[in-house]
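Let's take a stroll through this protein chain and look at a few of its corners. Keep the sequence and the 3D view open as you read.

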Amino acid sequence: MRKTLSAIALTAATALTLVGCSSSAPADDDAAATPAPGEVVSLTIGASPTPHAEILQFVQDNLAADAGLDLTIKTFDDYVLPNTALAEGDIDANYFQHLPYFESQVAEQGYDFDHFEGIHIEPYALYSSKWKSLDEVPDGAQFGITNDPGNQARALDLLVANDLITLKDTGDADPTLLDIETNPKNFEFIETAPESLVRALEDVDLAIINGNYALEAGLNPAKDSLLIESGVDNPYANFLAVRSEDKTNPALVKLDELLHSEEVRAYIEERWPDGEVLPAF
């Protein structure tokens with residue numbers, strides 16, 4: 001028997017009503033997170049093509065059927081539409097963003113979203129098609145940097161960690177280019193949409209590029225970058241985001257369990273053996 005997410009949510013809501021009127025013991029939590037035998041719940045998940053959609057496809061091909069799930073994976077090439085699609089109900093969840101970006105979008109757009117725990121990290125990295133080391137980069141070099149606030153702060157933190165700039169102590173959680181205090185090499189920062197930074201790399205001296213876009217372009221953050229973010233205590237793990245009303249939906253809870261399985265960990269480590277994608281669990 002096949003059920004959609006809305007159907008399973010209705011079933012769950014009805015079950016909760018019956019429990020509230022009954023003196024019987026509450027249902028087992030593990031059983032509540034698993035579709036009944038013979039049921040297949042269809043989920044549509046929005047994702048960036050790499051690595052998110054690849055990880056979801058591994059789950060679909062190897063784990064979903066036994067868990068009573070059937071995934072339709074809808075890919076997005078930017079960071080705006082996946083949240084719009086989730087808010088409008090076109091997809092059941094999305095998998096592309098980390099907590100600082102999620103929080104900035106919820107604050108700016110007023111989304112009623114929630115999220116599960118981190119699944120993987122894509123270390124942020126600095127690339128150049130003109131220079132082989134930072135020592136070669138001349139003063140006044142043009143520097144491509146993302147224009148989205150959550151990731152711009154991340155890029156600036158990478159530069160601060162490597163003593164390339166300093167930031168004013170403003171207390172802001174997400175510093176911007178306006179918060180740069182010292183810029184010893186006089187970099188000329190050029191703000192660009194994150195999905196355009198790979199193409200812009202040929203026109204600038206340097207660029208910090210989001211991990212998914214670098215991987216899609218054939219760049220290996222662990223091998224091809226001049227600087228790479230540490231994966232230790234990294235706060236930028238990507239996770240499954242859902243509408244708040246669906247956080248306890250049994251099918252989505254089960255999907256998140258699969259995404260945190262040892263099978264998925266092994267797949268990530270085998271698919272990206274140089275650490276260009278890291279498990280976050």
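Helix 5 spans residues 99–109, and its buried residues include P100, Y101 and F102. S104 and Q105 are buried in this helix too. Bear in mind that everything here comes from a predicted model.

So what covers the buried residues of helix 5? The cover includes two other helices, helix 4 (81–87) and helix 6 (149–161). It also includes strand 4 (93–98), strand 5 (113–121) and strand 13 (238–243). Just after helix 5 you'll meet G110, with a positive phi of about 75°.

**A glutamine in strand 4**

Now go to strand 4, where you'll find Q97. Is Q97 buried or exposed? Its relative accessible area is 1%, and because buried means under 20%, Q97 counts as buried.

Which side chains does Q97 meet through polar contacts? One is the side chain of N83, at 2.9 Å. Another is the side chain of N94, at 3.0 Å.

If you skip the neighbours within four places in sequence, Q97 is in contact with N83, F102, A237, N238, F239 and A241. F102 should ring a bell: it is one of the buried residues of helix 5.

**Salt bridges**

How many salt bridges does a search of the whole structure find? The search turns up 8. Here are some of them, with the distance between N and O atoms:

| Salt bridge | N to O distance |
|---|---|
| E54 and R271 | 2.9 Å |
| K247 and D114 | 3.6 Å |
| E257 and K254 | 2.8 Å |

Let's start with E54 and R271, which form a salt bridge with their closest N and O atoms 2.9 Å apart. This pair links distant parts of the chain, with the two positions 217 residues apart: E54 sits in helix 3 (residues 49–62), while R271 belongs to helix 11 (residues 262–271). R271 is partly exposed, because its relative accessibility is 38%.

Next come K247 and D114, whose side chains meet in a salt bridge at 3.6 Å, N to O. They, too, link distant parts of the chain, being 133 residues apart. Where is each partner? K247 is in the loop between strand 13 and helix 10 (250–259), and D114 is in strand 5. Both strands may sound familiar, since strand 5 and strand 13 are among the elements covering the buried residues of helix 5. K247 is partly exposed, with a relative accessible area of 25%. D114 is also partly exposed, at 26%.

The salt bridge of E257 and K254 has both partners in helix 10. They lie 3 residues apart, which is about one turn of the helix. Which of the two is buried? K254 is, because its relative accessible area is 14%. E257 counts as partly exposed, at 36% relative accessibility.

**A strand on the inside**

Last stop: strand 7 (residues 142–146). Why is strand 7 described as largely enclosed by the rest of the structure? Because 4 of its 5 residues are buried.

Strand 7 pairs with strand 10 (residues 188–192) in the parallel sense, over 5 bridges. Look for F143, whose bridge partner in strand 10 is F189. Strand 7 also runs parallel to strand 11 (residues 206–209), and 2 bridges join them. On that side, G144 has A207 of strand 11 as its bridge partner.

Conventions:
Residues numbered from 1 in each chain as written. Predicted model: local features only at pLDDT ≥ 70, side-chain atom pairs only at ≥ 80, totals over all residues. Heavy atoms only, no water. Buried < 20%, exposed > 50% of the residue type's maximum accessible area, 1.4 Å probe, protein only. Contact = heavy atoms within 4.5 Å. Polar contact = N/O pair within 3.5 Å; in protein donor to acceptor, adjacent residues only side chain to side chain. Salt bridge = Lys/Arg side-chain N within 4 Å of Asp/Glu carboxyl O. Pairing = 2+ DSSP bridges.
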